[in-house]
Amino acid sequence: MAAPSPAPRPAAAADPALALRPRLPSPSQEVRDERFERHGVRLLLKRDDLIHPDLPGNKWRKLVPNLRAAAGRTVLTFGGAYSNHLRATAAAGRLLGFPTVGIVRGDELADRPLNPSLARCAADGMTLRFVDRATYRAKGDPEVLAGLLSAFGDCCVVPEGGSNSLAAQGCTELGRELRGSADVAAVACGTGGTLAGLAAGLGRGRRALGIPVLRGGFLGDVVRGLQEEAFGGPAGSWSLDERFHFGGYARTPPALHAFADDFEQRHGMPVERIYVAKLLYALTELAAEGAFPSGTTVAAVVTGAP
């Protein structure tokens, strides 16, 4: 009697970069905008939002190396009530067939109806665990993390926002894709992983510019730490401009909406408000201040869709 054929490998064992069929390299789109042209600056939009409909932008670039490392195990990660990272992780679990757990900041949310973002996570199969804010802040403490993990068994832990050494390594390809086409590559920053990898991948003679969307002035140390873990030390040229957070994460005052509405009308591209609008606003202001010498090509990385 012939031996039975081996069972097929589950979808989660496949390489995510092949199984999900991303659009790579993402396209670069030149936009004609007199607010840049009058200063001799050429603006490119690096359309990472078009990489994949469910894992757009830096979510793709940061998650895929972590999913390879997880190798089909449950992925446990962290986020707030409107986290794009949680949504992307849940979508990846649905598409590739592995379990996902989201640790959500705010135990007061447990008894409320799920907002659209968390409802999407749940519909994609993610198990949601709501924790109080003190526990969430201490999530990096080994004892706290062990307590969170105890209910879910063997898990691959991915940090909030997906930023770790694997994520930074994954984002180096973004820098490589921009070599030869941009003098400055700019990106909105939340947890620093994209900037850390982008700078490393750009190569000599080019620089990365990060626009933090959170207050606090802490991101420089975070990026340096990520580069140390991912590359063994500083990698590439990068800087931060902390002036354009508009009050903090998810703060989108009327002036920012007015700017984004105007950009959409000028260029026919929807503008995500929490990250991308702040980036584009910052670049417009910096061009007016003369921060970019005439003849500079600036690439704005569009990290996500509305």
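Ring pairs tie Phe244, Phe246, Phe259, Phe263 and Tyr281 together into a cluster. The model in which they are found is a predicted one.

**Aromatic rings**

In total, the structure contains 6 aromatic pairs. One of them is formed by Phe259 and Phe263: their ring centres are 6.2 Å apart and their planes meet at 40°, so this pair is tilted. Both residues belong to helix α11, where they are 4 residues apart, about one turn of the helix. Are these two rings buried or exposed? Phe259 has a relative accessibility of 9%, and a residue is called buried under 20%, so Phe259 is buried. Phe263 is buried too, at 0% relative accessibility.

Another ring has a charge as its neighbour. The charged end of Arg105 sits over the ring of Tyr136, at 5.3 Å from the ring centre.

**Nonpolar cores**

In soluble globular proteins, nonpolar side chains tend to be buried together. The largest nonpolar core here has 31 residues. Which of its members touch the most others? They are Leu45, Leu209, Val271, Leu280, Leu283 and Phe292. At least two core residues come from each of β2 (42-46), β7 (184-189), β8 (207-212), α11 (254-267), α12 (276-289) and β10 (297-301). Helix α12 gives the largest share, 8 residues.

Leu280 shows how such a residue connects parts of the chain. Leaving aside residues up to four places away in sequence, Leu280 touches Leu45, Phe259, Phe263, Val271 and Ala300. A second core, separate from the one above, has 21 residues, including Ala168, Val187, Cys189 and Leu219.

**Strands**

Strand β2 is largely enclosed by the rest of the structure, because 4 of its 5 residues are buried. Strand β1 (residues 28-31) runs antiparallel to β2 and is joined to it by 4 bridges; in this pairing Ser28 stands opposite Lys46. Strand β2 also runs parallel to β10, with 5 bridges between them, and Leu43 stands opposite Val298 there.

Strand β3 (residues 74-79) has 6 of its 6 residues buried, so β3 is also largely enclosed by the rest of the structure. Its two faces are both covered: Thr74, Leu76 and Phe78 lie on one side, Val75, Thr77 and Gly79 on the other, and all are buried. The pairings of β2 and β3 are listed below.

| Strands | Direction | Bridges | Source |
|---|---|---|---|
| β1 and β2 | antiparallel | 4 bridges | |
| β2 and β10 | parallel | 5 bridges | |
| β3 and β6 (residues 155-157) | parallel | 3 bridges | |
| β3 and β4 (residues 100-105) | parallel | 5 bridges | |

Individual residues of β3 can be matched with their partners. Val75 stands opposite Cys156 in β6, while the bridge partner of Phe78 in β4 is Ile103.

**Cysteines**

How many disulfides does a search of the whole structure find? The search gives 0 disulfides. Cys121 is in none, and the nearest cysteine sulfur, that of Cys155, is 16 Å away. With a relative accessibility of 0%, Cys121 counts as buried. Cys189 is likewise in no disulfide; the nearest cysteine sulfur to it belongs to Cys171, 10 Å away. A disulfide needs the two sulfur atoms within 2.5 Å, so the 10 Å distance rules out a bond between Cys189 and Cys171 in this model. Cys189 is buried, with a relative accessible area of 3%, and is one of the residues of the second core.

Terms used: Residues numbered from 1 in each chain as written. Predicted model: local features only at pLDDT ≥ 70, side-chain atom pairs only at ≥ 80, totals over all residues. Heavy atoms only, no water. Buried < 20%, exposed > 50% of the residue type's maximum accessible area, 1.4 Å probe, protein only. Core = buried A, V, L, I, M, F, W, Y, C linked by side-chain atoms within 4.5 Å. Contact = heavy atoms within 4.5 Å. Pairing = 2+ DSSP bridges. Phe/Tyr/Trp six-rings, centres within 6.5 Å; stacked < 30°, edge-to-face > 60°. Lys NZ or Arg CZ within 6 Å of the ring centre and 35° of its normal.
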